[in-house]
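These are my notebook entries on contacts between chains, contacts between domains, and salt bridges. I set down what I looked up, in the order in which I looked.

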There are 2 protein chains.
Amino acid sequence: MEADFIAWLQEQSETQAAVFGDFTDDAAIIDADGTLVVTTDAITEDVDFILDEVTPEEIGFKAVMVNASDIAAMGAYPTHLFVNLVIPSHWSLTSVKSLYAGIQRAAMQCNCKIAGGDFNAWNDGLVVTVTMHGSCNHNPPILRSTAKPGDLLCVSGPLGGSILGHHLSFAPRIGLLNELSQFVQLSSAMDISDGLSSDLHRLCKASNVGAILESQKLPISEAARRLADRDGSSPIEHALNDGEDFELLFTIKPHDFQSHPLPNELGRSLLVIGEITEEKALLMCNGNSKVPLESLGFMH
Amino acid sequence: MEADFIAWLQEQSETQAAVFGDFTDDAAIIDADGTLVVTTDAITEDVDFILDEVTPEEIGFKAVMVNASDIAAMGAYPTHLFVNLVIPSHWSLTSVKSLYAGIQRAAMQCNCKIAGGDFNAWNDGLVVTVTMHGSCNHNPPILRSTAKPGDLLCVSGPLGGSILGHHLSFAPRIGLLNELSQFVQLSSAMDISDGLSSDLHRLCKASNVGAILESQKLPISEAARRLADRDGSSPIEHALNDGEDFELLFTIKPHDFQSHPLPNELGRSLLVIGEITEEKALLMCNGNSKVPLESLGFMH
């Protein structure tokens, strides 16, 4: 349904579609001088979390952090957030306080002020909507649409298996792009929320390029390996297609990377996994064979 | 539940409570120079509308306009909005398009850009959340907390009976405060969303004052009279306690009002209904008798 709606919006006008969700960038750029970026994201019961499996505190934390990850992906720092609570009327005040405590913990961790909110009670499920402002500190925001053939494709950390816990407790990569930009030239970025295979597709589409991934370079999380032990999928399939990694996917100019060694700590957050290509296909290189990379991540 | 939650927030810290909903002002003031105001409001199925009684287009329109009314109450103009759609998965694409058309119509009417959004499908009811930015054009925003004893209490139009249609088709009073401020000195403002008796209580509490209303000066809408014909309440009870009028409640300095006659059109939107008092009670004056004014408006 989301895909149909976005497609319709796109028919109406490119401008309308561009503003919706992760269709182009992770956040909208508002200021004339490009320093204020704004993103909005809701998490909903039974889609983004199962109430029996999480605490209200974890839900509040996650609702803020998914937005903070979008702000980080623009090379910005969170500044203010606005929260809309739609609470099932059977909830206790204790549960609402716990939810809010999670929002506060996340806001504090992001150095972000809770600047406004709205409270609604109703008889259906829980919806927590967060709208977050970010500041680029007068640097230009980093877009999805500016990757160029020859750029190195990178991720900021291990992927896959997020459902085993990472999706509730991740730390958005706030400041990472800003730190990296002192050593390398960044050409595009986005966060990985629906799985690398889907999100790489979006980055390439926005930039009108293709990419080739090297399978042996993919950083696979411990959780992806544990999950693979349980089900029929391989660790690499989990790394490619699981959602909610909230690592960053970004591209850099190769010459910078070769000439400037990174400090160790930063180096661990710049993992080259492939290259941007002029040919608009997504390919996966496994030794000598190249196969098309399907988008099997989470589709709304 | 909302009241309990806000009370708890207030115990935690005045700052935390101040940012939530209509507890203090209609919108948060973000910029250091006070020119960016931000508000967020969600409307939910079976609370703010009954699906059988409205069109999706009307819902989209209303979701934007309730926010625009908050922006107008700060003396600001809407600039950008962000919309979060939580759509029941059984909805057709046609219904979603119609909802979005209502959002677009309202945005156009407010001269406000749809700058971002998010789409979620789930198996519960419809939630439409809008976050709106407004600009005060470098004027100071108008607060609730600055009414002073002796100020005249005013509303911008007739009240009551909104449920007969007004709540779906109202025009927020954008620009009114700015136009009025050329002729009178405004000392406080808010919009009437939960009913005059409740919202006046909020304004007085925020300003640490009381008020005396003159019952014969209350502007009563035609709809309030029609509703009174049907049920046991009086037209004046509807005007005092019905929610969703989305007129403005504001206070002005009396000397300005006496010395500067208003142009006719503006004059129709400045209806004096009483006076702010030092004594912190809300009273209703009916001829020679004064009775306490109860807050009987919509409580969340």
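**Entry 1: the interface of the two chains**

Before counting I fixed the term: a salt bridge is a side-chain nitrogen of Lys or Arg within 4 Å of a carboxyl oxygen of Asp or Glu. By that rule I find zero salt bridges between chain B and chain A. I keep in mind that this is a predicted model, in which side-chain atom pairs count only at pLDDT 80 or more.

What else joins the chains, then, and how many residue pairs are in polar contact between chain B and chain A? The count is eight, with both residues of each pair at pLDDT 80 or more. Helix 1 (2–12), strand 2 (36–44), strand 3 (77–88), helix 4 (93–109), strand 4 (113–122) and strand 5 (127–135) of chain B each bring at least two residues to the side that touches chain A. Strand 4 of chain B gives the most to that side, with nine residues. Sorting the residues on the chain B side by type, I get 28 nonpolar, 15 polar and seven charged.

For the extent of this interface I turned to the accessible area, since the size of an interface is often given as the area lost when the parts come together. Chain B and chain A bury about 4,500 Å² between them, and carbon and sulfur atoms carry 71% of that. The contact draws 50 residues from chain B and 50 residues from chain A.

**Entry 2: the two domains of chain A**

I next looked within one chain, where chain A is divided into domain 1 (2–8 + 23–135) and domain 2 (152–292). Their C-alpha centres lie 24 Å apart, and the contact between them takes 18 residues from domain 1 of chain A and 17 residues from domain 2 of chain A. The area buried between these domains is about 1,600 Å², with 61% of it from carbon and sulfur atoms. Of the area that domain 1 of chain A buries against domain 2 of chain A, Lys62(A), Ser69(A) and Tyr77(A) supply 29%, more than any other three residues.

Which side chains meet in a salt bridge here? They are Lys62(A) and Glu244(A), at 2.6 Å from N to O, and the count between the two domains is one salt bridge. I also noted four residue pairs in polar contact across this interface, both partners at pLDDT 80 or more. On the domain 1 side, helix 3 (56–73) and strand 3 (77–88) of chain A each supply at least two residues, and helix 3 of chain A gives the most, with ten residues. The residues on that side divide into ten nonpolar, three polar and five charged.

**Entry 3: salt bridges within the chains**

Over all chains I count 18 salt bridges. I took one of them from chain A, in which Asp151(A) pairs with Lys253(A), the closest N and O atoms being 2.8 Å apart. Asp151(A) lies in the loop between strand 5 and strand 6 of chain A and Lys253(A) in the loop between strand 9 and helix 10, so the pair ties together parts that are 102 residues apart in sequence. Both Asp151(A) and Lys253(A) are buried.

In chain B, I looked up Glu57(B) and Arg105(B), which form a salt bridge with 2.8 Å between the closest N and O atoms. Glu57(B) belongs to helix 3 of chain B and Arg105(B) to helix 4, so this pair ties together parts that are 48 residues apart in sequence. Arg105(B) is partly exposed, with a relative accessible area of 37%.

A third pair sits within one helix: Asp199(B) and Arg202(B) both lie in helix 7 (residues 196–207) of chain B, three residues apart, about one turn of the helix. Their closest N and O atoms are 2.6 Å apart in a salt bridge. Asp199(B) is buried at 0% relative accessibility, and Arg202(B) also counts as buried, at 15%. In chain A, salt bridges that share partners join Asp194(A), Asp199(A) and Arg202(A) into one network.

**Entry 4: a serine in a loop**

Is Ser156(B) buried or exposed? Ser156(B) counts as buried because its relative accessibility is 0%, where the cut-off for buried is under 20%. I find Ser156(B) in the loop between strand 6 (152–155) and helix 5 (166–169) of chain B. A polar atom of its side chain lies 2.7 Å from the backbone nitrogen of Leu248(B). Leaving aside neighbours within four places in sequence, the residues in contact with Ser156(B) include Arg173(B), Glu247(B), Phe250(B) and Arg268(B).

Methods:
Residues numbered from 1 in each chain as written. Chains lettered and ligands numbered in written order. Predicted model: local features only at pLDDT ≥ 70, side-chain atom pairs only at ≥ 80, totals over all residues. Heavy atoms only, no water. Domains from an automatic or database assignment. Contact = heavy atoms within 4.5 Å. Buried area = accessible area lost by both parts, 1.4 Å probe. Polar contact = N/O pair within 3.5 Å; in protein donor to acceptor, adjacent residues only side chain to side chain. Helix = DSSP H or I, 4+ residues; strand = E, 2+ residues; numbered from the N terminus. Nonpolar A, V, L, I, M, F, W, Y, C, P; charged D, E, K, R; others polar. Buried < 20%, exposed > 50% of the residue type's maximum accessible area, 1.4 Å probe, protein only.
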